[in-house]
Amino acid sequence: MTSLKAFLSQNPTAILVTVASVKGSTPREAGAFMLVSDAECFGTIGGGALEFMAIDNARALLNGSGQTQMDVPLGPEIGQCCGGRTVLTFEQVTQDVAANLESRLAAESAAFPRVMLFGAGHVGKALAAALL
């Protein structure tokens, strides 16, 4: 997977799509994000129709139209079966936004220790389940 820094160096103009709020069953939690450029995406807000709509809107923003917020019901109307509702926000990635994202990803990475487990016997499987 490409790092955030690598994505931004290859795509200096991008839109940050953030899951601002959720109600009910949704593909991702509030705070989840993705970056969208004209040619690529980094991260995910959960896939499916919601993500396709977000990508289209972000690219529209890059081209001078689009919305800075979307309130989306996740039901049959858009072909998303979650049944909840999510609000997405869209903002241009600036140096400050990029620095905040880098800090956030570093903090999240530091919060989860790296564990290497060798062997898939009953002890290994039990340990892997306990580490989740």
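Here is a quick tour of the sheet, the helices, the cores and a few side-chain pairs in this structure.

Keep in mind that this is a predicted model. At its heart, so to speak, is an open sheet of five strands, paired in the antiparallel sense. Helix 2 lies across the strands, and helix 3 packs on the sheet too. There are also two separate nonpolar cores to look for, one with 17 residues and a second with 12.

**The sheet**

- Reading across the open sheet, the strand order is 3-2-1-5-4.
- Strand 3 and strand 4 stand at the edges with a single partner strand each, so each of them has one side without a neighbour in the sheet.
- From one strand to the next, the twist averages 20°.
- Strand 1 (residues 15-23) pairs with strand 5 (residues 85-92) in the antiparallel sense, over eight bridges.
- Want to find that pairing by eye? Look for Thr18 opposite Thr89 in strand 5, and for Ile15 with its bridge partner Gln92.
- Strand 5 also pairs with strand 4 (residues 69-73), again antiparallel, over five bridges.
- Here Pro73 stands opposite Arg85 of strand 5.

**Helices on the sheet**

- Helix 2 (residues 48-62) lies across strands 1, 2, 3, 4 and 5, and runs at about 25° to strand 5.
- Helix 3 (residues 95-111) touches strand 1, strand 2, strand 3 and strand 5, with its direction at about 140° to that of strand 2.

**Nonpolar cores**

- In soluble globular proteins, nonpolar side chains tend to be buried together.
- In the largest core here, Val17, Ile45, Leu88 and Phe90 touch the most other members.
- Strand 1, strand 2, helix 2, strand 4 and strand 5 each give two or more residues to this core.
- Helix 2 makes the largest contribution, with five residues.
- Val17 is a handy place to start: leaving aside neighbours within four places in sequence, its contacts include Ala32, Met34, Ile45, Ala54, Ala58, Leu88 and Phe90.
- The second core is separate, and Leu8, Phe33, Phe42 and Val93 are among its 12 residues.

**The aromatic pair**

- You'll find one aromatic pair in the structure.
- The ring centres of Phe7 and Phe42 are 5.8 Å apart with the planes at 40°, so this pair counts as tilted.
- Phe7 sits in helix 1 (residues 4-10) and Phe42 in strand 3 (residues 41-43), so the pair ties together parts 35 residues apart in sequence.
- Both rings belong to buried residues: Phe7 has 2% relative accessibility, and Phe42 has 9%.

**Salt bridges**

- The whole structure has three salt bridges.
- Arg85 and Asp71 meet at 2.8 Å, N to O, and this pair links distant parts of the chain, with Arg85 in strand 5 and Asp71 in strand 4, 14 residues apart.
- Arg85 is partly exposed at 36% relative accessible area, and Asp71 is partly exposed at 44%.
- Glu108 and Arg104 form another salt bridge, 3.1 Å from N to O; both lie in helix 3, four residues apart, about one turn of the helix.
- Glu108 counts as partly exposed at 36% relative accessibility, and so does Arg104 at 31%.
- Arg28 and Glu29 form a salt bridge as well, with the closest N and O atoms 3.2 Å apart.
- Arg28 is partly exposed at 27%, and Glu29 is partly exposed at 42%.

Note on methods
Residues numbered from 1 in each chain as written. Predicted model: local features only at pLDDT ≥ 70, side-chain atom pairs only at ≥ 80, totals over all residues. Heavy atoms only, no water. Phe/Tyr/Trp six-rings, centres within 6.5 Å; stacked < 30°, edge-to-face > 60°. Buried < 20%, exposed > 50% of the residue type's maximum accessible area, 1.4 Å probe, protein only. Pairing = 2+ DSSP bridges. Axes fitted to C-alpha atoms, helices over the stretch in contact; angles between N-to-C directions. Contact = heavy atoms within 4.5 Å. Core = buried A, V, L, I, M, F, W, Y, C linked by side-chain atoms within 4.5 Å. Salt bridge = Lys/Arg side-chain N within 4 Å of Asp/Glu carboxyl O.
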